[in-house]
Amino acid sequence: MTQRQSRHRSIDIPIPVSAMEEAHRNHRARESNQPGRGQELEALRQAMMRTWWRICLCLWLTVGLGCLWWVRGDLIEISEYFTWAAVRSIFLYSRLAGVGIALCVGVTFALLVSESRQILWGMSAEERSRLSAQLDRIHAQGDSHPQWHLIHQVKEQ
């Protein structure tokens with residue numbers, strides 16, 4: 001056999017399983033043993049998203065309104081004659097206001113994309129494993145955990 005042929009010969013070597021694959025297998029086994037776990041994960045995800053939307057609202061009510069108030073004169077001028085150059089000049093000369101508005105718009109956009117992804121494709125494996133680990137921590141801590149009541153409301157229904 002030539003050296004070229006020996007390079008292409010298949011060798012059966014066991015490939016180690018990554019930690020993520022192992023965690024995914026363990027997660028699937030746990031989920032099959034606990035039928036209400038999917039509802040608990042969904043309730044935990046919804047509570048997390050409600051918290052993020054509240055943070056986004058507070059951000060808009062504090063930082064966003066403050067930054068918009070800061071550039072209100074320029075916004076009045078833009079409302080009369082809109083150009084992208086005028087918008088650019090607002091962000092160039094009022095950088096702090098621009099950063100604040102960009103932060104508010106960025107958080108809102110990220111939340112909208114996250115919600116849309118959830119609606120269209122469901123929960124990703126990474127998100128499911130992260131929420132599952134958080135759910136395990138909640139169960140391990142017991143009723144002293146702040147989100148314990150949230151999980152047990154789902155179980156009672």
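1. A good place to start is the residue just after helix α7: G142 follows this helix, and G142 has a positive phi, near 85°. Please keep in mind throughout that this is a predicted model.

2. Now for α7 itself. The helix has 17 residues, and the distance from its first C-alpha to its last is 24 Å, close to the 24 Å expected at 1.5 Å a residue. Its buried residues are E127, L131, S132, L135 and I138. Looking down the axis of α7, you will find these buried residues within an arc of 130°, so they line one face of the helix. Turn to the other side of α7 and you meet the exposed residues E126, R137 and A140. A general point helps here: an α-helix has 3.6 residues a turn, so residues three or four places apart point the same way.

3. Stepping back, what does the whole chain look like in terms of helices and strands? The protein chain has 8 helices and 0 strands, and its pattern along the sequence reads α-α-α-α-α-α-α-α. Of the 157 residues in the protein chain, 27% are buried. The accessible surface of the chain is about 11800 Å², and carbon and sulfur atoms account for 61% of that surface.

4. How far can you trust the model? The protein chain has an average pLDDT of 82, and 75% of the residues score at least 70. Confidence is highest in helix α6 (residues 95-121), with a mean of 95, and lowest in helix α1 (residues 3-7), with a mean of 50. Where pLDDT is low, the predicted coordinates should not be read in detail.

5. Which residues make up the largest nonpolar core? This core has 9 residues in all: L41, L44, A47, M123, L131, L135, I138, L150 and I151. Helices α3 (37-70), α7 (125-141) and α8 (148-156) are the elements that each give two or more residues to this core. There is also a second, separate core of 8 residues, with C67, I78, A86 and I101 among them.

6. I151 is a handy residue to click on if you want to explore the largest core, of which I151 is a member. Setting aside neighbours within four places in sequence, I151 is in contact with E40, L44, L135, I138 and H139.

7. Contacts between distant parts of the sequence deserve a look too. Among contacts in the protein chain with a separation of 6 or more, 69% are between residues 24 or more positions apart. M48, in helix α3, gives a nice example of distance along the chain: M48 and L131 are 83 residues apart, while their C-alpha atoms are separated by 9.8 Å. Leaving aside neighbours within four places in sequence, M48 is in contact with E127 and R130.

8. L59 is another residue of helix α3. Is L59 buried or exposed? Its relative accessibility is 18%, and because buried means under 20%, L59 counts as buried. L59 and C104 lie 45 residues apart in sequence, with 6.4 Å between their C-alpha atoms. Beyond neighbours within four places in sequence, L59 is in contact with G64, L103, C104 and V107.

9. Finally, have a look at helix α5 (residues 84-93), where A86, V87 and I90 are buried. Seen down the axis of α5, the buried residues fall within an arc of 105°, so they line one face of the helix. The face turned away from that buried side carries the exposed residues W84, A85, R88 and Y93. What covers the buried residues of α5? The cover includes α4 (72-80). A86 is also one of the residues in the second, separate core mentioned above.

Conventions: Residues are numbered from 1 along each chain as its sequence is written. This is a predicted model: local features need pLDDT of at least 70, side-chain atom pairs count only at pLDDT 80 or more; totals for chains, interfaces and linings use all residues. Side-chain values use heavy atoms; hydrogens and water are left out. pLDDT is the predictor's confidence in each residue, from 0 to 100. Helices (H or I, at least four residues) and strands (E, at least two) are DSSP runs, numbered from the N terminus. A nonpolar core is a set of buried Ala, Val, Leu, Ile, Met, Phe, Trp, Tyr and Cys residues joined through side-chain atoms within 4.5 Å. Buried means under 20% relative accessible area, exposed over 50%, partly exposed in between (1.4 Å probe, protein chains only). Contact means heavy atoms within 4.5 Å. The expected span of a helix is 1.5 Å times one less than its number of residues. The arc is that of the directions from the helix axis to the C-beta atoms. Accessible areas come from the Shrake-Rupley method with a 1.4 Å probe; for residues, only the protein chains shown count as cover.
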